[in-house]
Amino acid sequence: MKEMSLSSKSSMTISKCIFFGVITMPILFFLSHRNSSSTLISTTTTLSSNSDSDLKIRPGYSTYDSYIQRQLNKSLNPKLRKIWTTRDWDRKIQIFSKFFNELKNRKLLLESSKVLCIGARMGQEVEAFKRVGVSNSIGMDLVPYPPLVVKGDFHNQLFDDAKFDLEFSNVFDHALFPEKFVSEIERTLKPGGICVLHVALSRRADKYSANDLYSVEPLKKLFKRSELVHTRTVDGLGLDTEVVFRKKR
């Protein structure tokens, strides 16, 4: 009887462990998932509140992977890629060359400058820099396009600190985390380096955009380590405002 009693107690103990394991596992999974999701939501909320009502993060991204996939849907669209490399190729290079020549005239760009083009899908910006005499330039995008564009995420640049003299981007509206987008620019710019952004203030950007910008004020707050050089109205492929910052020495 004593032997059977011990056996029964042992069985009961094992059963209790299994029972509590079955009960607690889903709870732990739920809490883990909730914490992960809340981190993303919290970060987005913080960015939005830090940059005030003139910079709004678009809802709809439950995970960072879903955001990346949406961006890839545009970058890998075969019809768009064909247009970018044929009909739009020379037209965009001419437009960019005009902007970059103006930067040279303002002494913000030198032929010896080391330049990064952020979000340069097919590298028209890189080619334009080369055509105005700035040969040391490279593009970065989620989808590489050798030799002009390397693979990279602008929320987490693959480059070392203080590497570039100038960084240019016309895809600020695609940043899900604008504060991270800007901090990576300031990290990889040399002291005294220039950042040139083309943004849309008077109209909303396309369906692939992750944020909407309504004034220059949020950018001034985000560029914590830089000073505003100038803003001006431009006609840049659907974008209407050029904003230039210089990283403090």
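Which side chain makes a polar contact with the side chain of threonine 188? It is that of glutamine 157, at 3.0 Å. I'll come back to threonine 188 shortly. One caution first: this is a predicted model.

Let me start with the whole chain. The protein chain has seven helices and nine strands. It runs to 249 residues, and 45% of them count as buried. Now the contacts. Take those between residues at least 6 apart in sequence: 67% join residues at least 24 apart.

On to the strands. Begin with β2. Four bridges join β2 to β3, and the two run parallel. One bridge pair there is valine 115 with serine 137 in β3. β2 also pairs with β5, again in the parallel sense, over four bridges. Here isoleucine 118 has serine 169 of β5 as its bridge partner. Then β5 pairs with β6, parallel, over five bridges. In that pairing, glutamate 167 stands opposite cysteine 195 in β6.

How covered are these strands? In a regular strand the side chains alternate between the two faces of the sheet. In β2, Val115 and Cys117 are on one side, Leu116 and Ile118 are on the other, and all are buried. Both faces of β2 are therefore covered. For β5, residues 164-169, five of the six residues are buried, so the strand is largely enclosed by the rest of the structure.

Stay with cysteine 195 for a moment. It sits in strand β6. Its relative accessibility is 1%, so cysteine 195 counts as buried. Leaving aside neighbours within four places in sequence, its contacts are Glu167, Ile185, Leu189, Phe223, Val243, Val244 and Phe245. Its C-alpha is 9.8 Å from that of valine 115, which is 80 residues away along the chain.

Next, the nonpolar cores. The largest has 33 residues. Which residues have the most contacts inside it? Phe154, Phe172 and Phe181. Several elements each supply at least two residues of this core, including β1, α2, β2 and α6. β6 gives the most, with four residues. Look at phenylalanine 181 in particular. Beyond its neighbours within four places in sequence, it is in contact with Ile118, Phe154, His155, Ser169, Phe172, Ala175 and Leu197. Note that Ile118 and Ser169 are in that list, and they are also the bridge partners from β2 and β5. Apart from this core lies another, of 26 residues. Among them are Trp84, Phe99, Val134 and Val234.

Now one helix, α2, residues 64-75. It has 12 residues. From first C-alpha to last it reaches 17 Å, close to the 16 Å expected at 1.5 Å a residue. Its buried residues are Tyr67, Ile68, Gln71, Leu72, Lys74 and Ser75. Why do they line one face of the helix? Because, seen down the axis of α2, they fall within an arc of 155°. What do they pack against? α3 (78-85) and β3 (137-141).

Back to threonine 188, as promised. Its place is in helix α6. Buried or exposed? At 0% relative accessibility, threonine 188 counts as buried. Neighbours within four places in sequence aside, threonine 188 is in contact with Gln157, Phe159, Asp160, Asp161, Ala162, Lys163, Phe164 and Glu167. Gln157 is the polar partner I opened with. And Glu167 appears in the contacts of cysteine 195 too. That's the tour.

Conventions. Residues are numbered from 1 along each chain as its sequence is written. This is a predicted model: local features need pLDDT of at least 70, side-chain atom pairs count only at pLDDT 80 or more; totals for chains, interfaces and linings use all residues. Side-chain values use heavy atoms; hydrogens and water are left out. The expected span of a helix is 1.5 Å times one less than its number of residues. Buried means under 20% relative accessible area, exposed over 50%, partly exposed in between (1.4 Å probe, protein chains only). The arc is that of the directions from the helix axis to the C-beta atoms. Contact means heavy atoms within 4.5 Å. A nonpolar core is a set of buried Ala, Val, Leu, Ile, Met, Phe, Trp, Tyr and Cys residues joined through side-chain atoms within 4.5 Å. A polar contact is a pair of N or O atoms within 3.5 Å; within protein, one must be able to donate a hydrogen and the other to accept it, and residues adjacent in sequence count only if both atoms are side-chain atoms. Two strands pair if DSSP finds at least two bridges between them.
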